[in-house]
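Good morning, and thank you for the time. I would like to take you through one protein model, and I ask you to keep the picture in view as we go.

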Amino acid sequence: MFTGIVQGTAQIQSIVEKANFRTQIVKMPQDLLANLEIGASVANNGVCLTVTEINGDLISFDLMTETLRITNLGNLAEGDFVNIERAMKMGDEIGGHVLSGHVYCTAEVKERIQTENNLQIWFEMPEAELMKYVLTKGFIAIEGISLTIGEVKGQQFCVNLIPETIDRTLIAKRAIGDLVNIEIDPQTQAIVDTVERYLANR
């Protein structure tokens, strides 16, 4: 499990392509290496991946076909960076919201509105059906970042980024047309689905 509070970024040092399979090796920041073991879960751009090999600060992750299909990790190349979050520990402060690291889809960046102390980014979801889980002032995870939804219009929604989020993560570098990983807030999904089932059975 994760909190959506990105702890740093890591550069992809190499990618090993195999049939319907990819190994991604990243250079982990030194402050995120403590007690890291093979089998540990680490979020890369919000995607929960398992550590398969450790060589100093070079950490390997295996990506299956489904992961490459659903997320934007399959679009990355050597030299690109990913947002990194280590798995949460029991008793730690949760500054964002609880995440599983299971990305639902990718959304397209549609508009960037820059002001002096804020960056607003608009995204478009791939399916209208998913918008029932995207609520104004609700939670959503974008690239593994816990964010509050600012406004919803049709199949689009926006988030407002403060300087700390801009400095700590990669989201401000996303350009119009880029695809970002989306994880819907599981509590919102559970409530919406429960209400739908209740109404359908009345």
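How many bridges join strand β9 to strand β10? The number is 4, and the two strands, residues 139–142 and residues 145–153, run antiparallel.

Before going further, a word on the basis of these statements. This is a predicted model, in which local features need pLDDT of at least 70, side-chain atom pairs count only at pLDDT 80 or more, and totals for chains, interfaces and linings use all residues. Residues are numbered from 1 along each chain as its sequence is written, and side-chain values use heavy atoms, with hydrogens and water left out. Strands are DSSP runs of E with at least two residues, helices are runs of H or I with at least four, and both are numbered from the N terminus. Two strands are said to pair if DSSP finds at least two bridges between them.

To return to β9 and β10, Ala141 has Ser146 in β10 as its bridge partner. The two strands form a hairpin with 2 residues between them, and Glu143 in the turn has a positive phi of about 55 degrees. Next, β10 is joined by 4 bridges to strand β11, residues 156–161, again in an antiparallel arrangement. Here Glu151 is partnered by Cys158 in β11. This hairpin, too, has 2 residues between its strands, and Gly154 in the turn shows a positive phi of about 60 degrees.

These strands belong to a closed barrel of 6 strands, in the order β7-β8-β11-β10-β9-β12, with antiparallel pairing. Within the barrel, strand β7 (residues 105–114) pairs with strand β8 (residues 119–124) over 6 bridges, and Glu108 is matched with Glu124 in β8.

A further closed barrel of 6 strands runs β1-β2-β5-β4-β3-β6, also with antiparallel pairing. In that barrel, β4 (residues 47–55) and β5 (residues 58–64) pair over 4 bridges, one of which has Ser60 in β5 as the partner of Glu53.

What does the record say? An unreviewed UniProt entry places the feature "domain: Lumazine-binding" at residues 1–97 and 98–195; such annotations may be inferred rather than shown by experiment. The span of residues 98–195 is 16% helix and 42% strand, and its end C-alpha atoms lie 21 Å apart.

Finally, is Val195 buried or exposed? Val195, found in helix α3 (residues 186–200), counts as partly exposed because its relative accessibility is 43%, where buried means under 20%, exposed over 50%, and partly exposed in between, with a 1.4 Å probe and protein chains only.
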